[in-house]
Every structure is written in structure tokens, then in C-alpha cells.
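Here are some notes to read alongside the model, set out as numbered points. I hope they help you find your way around.

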Amino acid sequence: MIRVEGLRKSFGDVRAVDGVDLQVERGDVLVLLGQNGAGKSTTLRCLGGILRPDAGLIELDGLRLPERLDSVRARLGVVPDQARLYGRNTAPEYLDHFGFLYGIPEAIRRRRIADLLERFELADRKNTVLAAYSRGMAQKVALIRATLHEPDWIFCDEPTAGLDPVAAADMRRYLDEQRSRGAALIVTTHVLSEAELMADRIAIMRRGVVVTTGALDDLRRQAGQGRRFIAHLARPVPNAQPVSDWLREHALEHSLGDDWLRYTLPWQANAGDRADFAARLQALLAQQGAPFHELEEEETTLESVYLKAMAMPAGEPRDHPEPSAPVTSGIRAPRMFASIRNQGGMLRHSLPFYVSSWWRRGDLSWVGYLNAFVLLLVVGTSLFGQLPGIAGQVAQRFAGGQALQAGLLLPLFFLSFALLESIKSSIGIWWEKAQGSLEVLLYTPIDDPSLIWLEVLPGAIVSTVWVTVWTAAGLALLSLFGEAAPWDLLPVFAFVAAVTSYWAAMGRMLGFMLFPREGAAGGAWSFLLSPVSAAVADLPLALFVFRSPLAPASLLLPITACVALTILCGGTFDRERLMETGLSRIRRRRSWLPVGVLRRNAAAIAAGVLLAAAPAGIAGTISANAHWHSWSDVRAAAAGQPIGSPQTTLVSSEAPAQANGVTVAAAGLSGIVATLALMLFLVALSFAAFFLLGFPALAALVVAAAVWGVQLGFGSAGPLRVWLAGAGGIALLALALNTGAALPIYWSLAFGSGRRLDRLREAWSNYWALFRGLVIPACALFGVVVFRLLAGG
């Protein structure tokens, strides 16, 4: 039995569900009716566990949500409002995938798939990809997917929408078979005739509230005074007064026309009472020479019941039972890492499934061409002893005798990131979210850690194998042409490929949590994720290539970064956040200067400015008291050597040259580039510091402030004083404002309490508002100063 009491769910200021009470017995079908936006789909998603209710009680056969959610998902089947299939797979492949997720043994699920495809007349299309299926065929596959594991509860969101009458009738017959099996069904629909054909009980919703519910006959009684009948007369009644008087005494209401007579009897009138009434009426009409030749009952239609319910008041808000236990999002680190050992079976099944889908996408050709191009570079390196042309000269200059090995960094860079761009759109949660099928996956009995590993591990394995194979091919070519191939670096290449893909996939998952909606924040996250992951992973690779003694210790950097990112991703995981579509329900007006956000974060902004002012002031005082006048004096003082006499700054008596149009244009372009470069640097710094609790941003601010303070202490004798004191001071101000705006993010990571994800979301939202209102103007001012200095000569 499905029992729902006082269910309530809000999205911001919108109350989608407001105190819904439902009850469905085993073997019954409850049909939910209501206008678009009445809360039907939201109610089903709350019952299915992919939306978290704000209040209320949900029990399915005594299993209370959310405490027993994993047990419920294994016995639940859901047909969403759209089929949401995988277009690149065939029906048997697709159904076998979900049969595995529901834990059906292989032999049983293959037999059931074959039987159900035959039942729905789809067996002859089993080799056709699902993208070629019609709407009706796709809905049939979706229904097979939802019932393949013979669930105890089935939720169908408009299952017959857009189907032809034959397909709709077949869908109803199959749902009736499920009801006969003992399943409890909840079906939403807009087609009233469908509801009349399949419903045992009907609930009508309006504005998130169930305004009326009951069996169809009960609802008809509520909508009308009684049973209505119409008698078709042989001829008009010559004297209607006696007939009207009698009907007024014995019927609830009546009306008389030329060749018809309508009357209403009480609902409690049984068949004998109705027959006696008809006989006496016929005798009375016969006396008037106008007997009826046909008598029929006019049933109260569901449409009239529905329209009456839509006109009913929604009722006052009332107290609702709270959930029995608080719902906490996030996965603790011990559970997150312990779940890795349980992913073997999932990987053995999902990896071939996703890889086959990736292969069918057809974009491996350009990745393969890119790999071949890189191998040509390796061949050229082998033949010429270094990279051909200018690239070889540059590599020789920076790498010396190890230029050949340094050139091997190029294949890894291309192979890794070209492959990752292809993989992320074909494997895991990113792919599910992009094609709109994620809701179906979230209804399956996959626990939260497995959802994260489903995004991370398949791509990491494919990337590692792919990069290792192609890098080994490059090393083999080196050996073939007589060069000393560093085969000992092959495990390092494989490790870097694994770390890079792991970091990128885990970072995408974290991005879904922090920035589920499309926009500037999510775009910036995606844009900066790849270079940050490359910097973390490629640094150890470079040290190994150049045979640095620090190379083994450097492996701690990517390992620590991956562990920290895994803990952070698990701690912020929220299944409901994955369902956000990217559209705000209420469009709020934005102001460029967010006064409210500025007021709430005034302390953080002041702390950022103070972190810059204090080191700058101390460094400036030390520089002035030590009589330093240049950085040569600073280096001499640090080495314990005497400081030279200050150099006299020669002031030219010539007037500055008049700036021409070319100079002004170049200066303007430089100012724009300086503004954008500073903005990008600050955003990249904030994202990089996010993964390390803010230490890089704080260290960069203190160091930059100290350097600027020392330069300021040089006085007028210092070279480039205008540049470093003017433009540098404004750049330091932008850095201080940016760091202050990001301080709440770092604080939430390290010391926050409560729901970490909500705190981080709010902190990032405030950061972007402050970045727009304070940091961007400071960067623009920096660009103006650069323009003025260059244009003025």
C-alpha cells in the first residue's frame, strides 16, 4: 500500500505541492488529474525519491522514505512523461542495461526482454537503434523498462500522451495486467476518457492540493444531486400541468420539452424504486396520450466532476507532519572510499555499454587522426634528433640534451584532452544529463557513491588504456628508428592519464553540485577545469621526464588533490541537485552593485583588504628604513653585501612625444587585454584555491602586497615607480577584493556547519555577485591606467 500524508514541496518561492494526502491499495490504480503545473509530476518524483519533500510522510508497504529509499527503488518502476531512451542503443541492449541495474539475473532478464518485446510487437525491430523508434514504440520500451523487474509500485506520468488509439489501448491493457499481478499504480493524465477507463480511484489536484478524491461513482455523486434520466416522448404532452405537479412531488428536479422529459432521482434510489417510478410516470404520460418510447440514464461525466473540482476553493494551509528523520545530503569520506571495492560488477557491465555507445557516436575518427598526427611528430623527432623546425630549436634551448624526451609531453597533452572532450559526452552522468535520461537512472537502485563512480571510473579507465596504448606506440617508433626510448616513463604516462581523467570527471561531478544551472559560473568552471587538472597532473610528468630527484615526491600532489576533490565531491553530493534543469522559476532583477550581498560580506571584503594592506605597509616601512632604492639593493641586503649608492634618476628636458593615432589604438588594445587578463587570472586563482582551502589565493595576496610595499618604499628613485605604484596598486586592490569575496567559500569548506552544499552554493553565488560589482570595476580601472600610461608615453 502507498500512503502519503501532508506531502509538501517548494522550489524557492513556488509551492509546488502543498499538503497532498493519497492512499493506494495493492491491485488498485489511482489516477491523478489536474492542470499543467498542478503538482502531479512533482508528487511522483517525491514518491520516487529523486526530490526531497519539505514535509510530510511517504510510506510504501511500510517502508518510509527517505530512510528506506534504497529498498524502495529496487521495487519501484517509473515511466516519466517522456520515454528518455538511449538513442544509440538497440532495445535489447537498453533493456538489458536497466535489467542489470535492477539486479535481475542475466538469464531471467534476457527471457523477460524477449517475451515483452514479442508482447508489444517489437521483436522485429530488436536490431534497430532506439533513435529510429516512433513515439508510440519508444513509450512501449519505456514501459517495458519500468516493469522488467516486476515492481510492486508503478508510477506513470502521462503514459499515453501522443499515442494513437491502438497504442493507447495496448498500454492500458498492459497496465491492467500489472494491476492484476498485485502492483499498486499511480497514473497521471490529462485525458479524462483514459482516467474513466483505467481508474479505481481518482484524485484531482489544483495548485499543489488534492481538492477531491474517491472512486469515480463517489465523485459523480458529489458532482450531481442524483441520477439523471431522459425519457423520449412519442408526441408532445397536451396538458403538462398534472405531469409537472407529480414530478415536483416525487423527483428532485425535472424539465419538460416537446418530445423529451428529464428528471433526477436521489442517489439512494435502488433499481426497484427507479422501476416503480418509471412505471408510474409511463402511466401518467399514457393518460395524456404521450408515452415515452425510450428511457435512458444520463451519467454524470468525469468532465463535469473535473470542472466542478477546478472551481472549488483550494482550502486553507494546514499543519503537516514533518519527516520522521532529518534528510542530510552528502557522503562521508569513509563510505565514499569504501564503496570503491563494490564497483567491480558495475564496471564490468557499464564499461562495455558506455564504450559501445561512445564508439557508435562516430567521433573517434578525429581523435584517431589527432593521435596519428602526434605520432608523426614522434617520427620526426626520431629522424631529426629533435622536434622539427622552430619547435625543435625551442625545445633544445629549454631542455638541452633532453629535448627528445621533453617532446614526449606533446603527445600526452593532445591525447588526454582530445579524448576527455569526447568521453565526457558519451559516458556517465554528464551524458545522462545532456540527453535528458538522468531522471530514469536516478529511479534505479544505484546508491549515491555508485552514481559518482559511474561518472568517474569508466572514463578514467578508458583514458588510461587509450593514452597508454598510443604512448607505447610512440615509444615503439622511437625504438624502431634507433632512438633510446624511455620505456620507464610509460607507467608515469599511464598514471598521469588516469589522474587527469579522474580529476576532470570528479570536477565535473562537483560542478553539477555547485553550478547545476547553465550560466557564467558553470561555464567558467568547465573552462578552467581542464587546465587546472593538467597543471596538477603534468607537473610530476615533467619532473620525471627531466629526471628530477623531486619526481617521486611530486606524485603526492596529484594524489592528494584527487583525494581532496573526492572528499569534497562526496561531501557536497545531493541527488536532487542533479535534477535541476537550469531554469529559475522566478526571474529576479539583478543589480550591478549588490548592496545586500556587499553588506553581508563586508567583513570578508575588509579582511581581504587588510590582508593586503598589512604586508604592504610592513614591507614599505622596512624598505624605506633600510634605504633601499632598487631590487639590486634588496638582493644585496639579502646576501649580506653593502648597498650601493642610490642612482640619480635623470629627468629629460625634452617634452614627451605627441601620441599619434597608432599609439593610442595600441594603448587602448593593451588596456582591454590587461583588463581581461587580470579578470581571467583572478577567476582562475579562485578556482585553483578552491581545491586547496584558499591557501594559494591567500599566499598570492600576501606576496603581491609585500612586493608592492617594497617597491613603494623605494621612493622616487625607484625605476618604473609609476607603473608599479600606480597600475600595480590597482591590480593589488583587485586581488584583495577578489580574495575577500572568496573568503566565505574557503571558510565554508574548512569551518562551516550544517549542509555544506547549501553553504557553498550561497558562497559561490555571493562571490559572483561581488566579482561583478567590485572586482570587475577594479580590473577595468587597471586597464584604464595601463591605457593612460602607454598612451602618454
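1. Let me begin with burial: 49% of the protein's 793 residues count as buried. Please keep in mind throughout that this is a predicted model. The surface that the protein exposes comes to about 36800 Å², and carbon and sulfur atoms supply 60% of that area.

2. On the overall make-up, the protein has 31 helices and 14 strands. If you take the contacts between residues at least 6 apart in sequence, 79% of them join residues at least 24 apart. As for covalent cross-links between cysteines, the structure holds zero disulfides. Two cysteines that you may come across while browsing are C46, buried with a relative accessible area of 1%, and C156, which counts as buried at 0%.

3. The sheet is a good place to look next. Six strands build an open sheet with mixed pairing, and their order is β6-β7-β8-β3-β9-β10. Why do β6 and β10 each have one side without a neighbour in the sheet? Both strands, β6 (76-79) and β10 (209-214), stand at the edges and have a single partner strand each, so one side of each is left free of a neighbour there. From one strand to the next, the twist averages 15°.

4. Strand β3 is worth following on both of its sides. Four bridges join β3 (residues 29-34) to β8 (residues 184-188), and these two strands run parallel. In that pairing, L32 stands opposite T188 of β8. With β9, strand β3 also pairs in the parallel sense, over five bridges, and here G34 stands opposite M205. If you are tracing side chains along the sheet, recall that in a regular strand they alternate between the two faces.

5. Now for β9 itself, which spans residues 201-206. Five of its six residues are buried, so β9 is largely enclosed by the rest of the structure. Its pairing with β10 is antiparallel, over five bridges, with I202 opposite G214. What links these two strands in the chain? They form a hairpin with two residues between them, and R207 in the turn has a positive phi of about 55°.

6. Two helices should be viewed together with the sheet. Helix α1 (residues 40-48) lies across β3, β6, β7 (153-157), β8 and β9, and runs at about 150° to β7. Helix α5 (residues 135-147) also packs on the sheet, where it touches β6 and β7; the direction of α5 makes about 165° with that of β6.

7. Away from the sheet, have a look at S339. This serine lies in the loop between α12 (333-338) and α13 (344-361). Is S339 buried or exposed? Its relative accessibility is 7%, under the 20% cut-off, so S339 counts as buried. Once neighbours within four places in sequence are left aside, S339 is in contact with P449 and W453.

8. Helix α23 (residues 551-554) holds another serine, S554. At 11% relative accessibility, S554 counts as buried. Which backbone atom does the side chain of S554 reach? The side chain of S554 reaches the backbone oxygen of A551, at 2.5 Å. Not counting residues up to four places away in sequence, S554 touches P540 and L543.

9. The residue supplying that oxygen, A551, has its place in helix α23 too. A551 is buried, with a relative accessible area of 3%. Leaving aside neighbours within four places in sequence, A551 is in contact with L543 and F544. Between A551 and P540, which are 11 residues apart along the chain, the C-alpha atoms are separated by 5.8 Å.

10. My last stop is V786, found in helix α31 (residues 756-791). V786 is buried, with a relative accessible area of 8%. Setting aside neighbours within four places in sequence, its contacts are S670, G671 and A674. There is also a C-alpha to C-alpha separation to note: V786 and T675 are 9.0 Å apart in space and 111 residues apart in sequence.

Definitions and conventions:
Residues are numbered from 1 along each chain as its sequence is written. This is a predicted model: local features need pLDDT of at least 70, side-chain atom pairs count only at pLDDT 80 or more; totals for chains, interfaces and linings use all residues. Side-chain values use heavy atoms; hydrogens and water are left out. Buried means under 20% relative accessible area, exposed over 50%, partly exposed in between (1.4 Å probe, protein chains only). Contact means heavy atoms within 4.5 Å. Accessible areas come from the Shrake-Rupley method with a 1.4 Å probe; for residues, only the protein chains shown count as cover. Two strands pair if DSSP finds at least two bridges between them. Axes are lines fitted to C-alpha atoms, for helices over the stretch in contact, and angles run from 0 to 180 degrees between N-to-C directions. A polar contact is a pair of N or O atoms within 3.5 Å; within protein, one must be able to donate a hydrogen and the other to accept it, and residues adjacent in sequence count only if both atoms are side-chain atoms. A disulfide is a pair of cysteine sulfur atoms within 2.5 Å.
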